[in-house]
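Got your viewer open? Here is a short tour of the model, stop by stop.

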Amino acid sequence: MSYIAQRGYVTLDFESKRVPMAGRRSFQVPAQRMRAISWHADGRIRRVSRDIFVQDIPEGISRVDEIADDWRAQPLPLDHAEVVAAVRELAPGADTTDPEWMLVALPGVDVEVNAKDESPLMSFALHVRAADKGAADAWVRRLLDRLGVRAFDPEHETGIFQP
């Protein structure tokens, strides 16, 4: 993944076809939403940032390298309103003032849920920053289970989110 910052936005380009993301190869994210790794004074990582991409993933695969080259993602089996409702259900204190960019703050975990209000809904992203990776993974797992979807996790060795 590479990024280019310009005019208040950061464009994330995914150069690997291992993460097809509904045919999208890049996302534009407002620069103020980008947060780097946070460090303790002694050099230890305080909070790790990672992006998880929710979209249609073929049934039965456990690694992105198992996805056929000609596979094309289908729309998600839900709409934007269901994503908003699930976030509100699982994190009642979430800031959903902007339902396309919801902010979830939990102890040791911040998650930004970026879901465009589009039909059909092809994908959405979770921007996770956590001092407590276990708590972050547990919340993401509950959200994915509640919605009945899977997600790509470029940080995981398989490329698919697995807590």
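Start with a buried charge: select Arg-50, which has a relative accessible area of 10% and is therefore classed as buried, the cut-off being under 20%. Before going further, remember that you're looking at a predicted model.

**Stop 1: colour by confidence.** The protein chain has a mean pLDDT of 79, with 71% of its residues at 70 or more. Helix α1 (residues 80–90) is where confidence is highest, at 97, while strand β1 (residues 2–6) has the lowest mean, 41. Now select residues 1–40: pLDDT stays under 50 there, although the model has 87 contacts beyond four places in sequence for this stretch. Where pLDDT is low, don't read the predicted coordinates in detail.

**Stop 2: back to Arg-50.** Show side chains and add Asp-153. The two form a salt bridge, with the closest N and O atoms 3.3 Å apart. This pair ties together distant parts of the chain: Arg-50 sits in strand β5 (residues 45–55) and Asp-153 in the segment after β9 (151–152), 103 residues apart. Asp-153 is buried too, at 3% relative accessibility.

**Stop 3: along helix α2.** Select residues 133–147, which make up α2. Which residue pairs with Lys-133 in a salt bridge here? Pick Asp-137: the closest N and O atoms are 2.6 Å apart. Both residues lie in α2, four residues apart, about one turn of the helix. Asp-137 is buried, at 5% relative accessible area.

Further along α2, Arg-141 and Asp-145 meet in a salt bridge as well (3.1 Å, N to O), again four residues apart. Is Arg-141 buried or partly exposed? Partly exposed, with a relative accessible area of 23%. Now show Arg-50, Lys-133, Asp-137 and Asp-153 together: salt bridges with shared partners join them into one network. A search of the whole structure finds seven salt bridges.

**Stop 4: the nonpolar core.** Select Val-83, Val-113, Phe-124, Leu-126 and Trp-139. Of the 30 residues in the largest nonpolar core, these touch the most other members. At least two residues each come from β5, α1, β6 (101–106), β7 (109–114), β8 (123–130) and α2, with α2 giving the largest share, six residues.

Centre on Leu-126 and look at its contacts. Leaving out residues up to four places away in sequence, they include Ile-52, Val-54, Val-111, Val-140 and Leu-143. Arg-50, from Stop 2, is also among them.

**Last stop: another core.** Apart from the largest core lies one of 10 residues; Phe-53, Ile-57, Trp-71 and Ala-125 are among them.

Notes
Residues are numbered from 1 along each chain as its sequence is written. This is a predicted model: local features need pLDDT of at least 70, side-chain atom pairs count only at pLDDT 80 or more; totals for chains, interfaces and linings use all residues. Side-chain values use heavy atoms; hydrogens and water are left out. pLDDT is the predictor's confidence in each residue, from 0 to 100. Contact means heavy atoms within 4.5 Å. A salt bridge is a side-chain nitrogen of Lys or Arg within 4 Å of a carboxyl oxygen of Asp or Glu. Buried means under 20% relative accessible area, exposed over 50%, partly exposed in between (1.4 Å probe, protein chains only). A nonpolar core is a set of buried Ala, Val, Leu, Ile, Met, Phe, Trp, Tyr and Cys residues joined through side-chain atoms within 4.5 Å.
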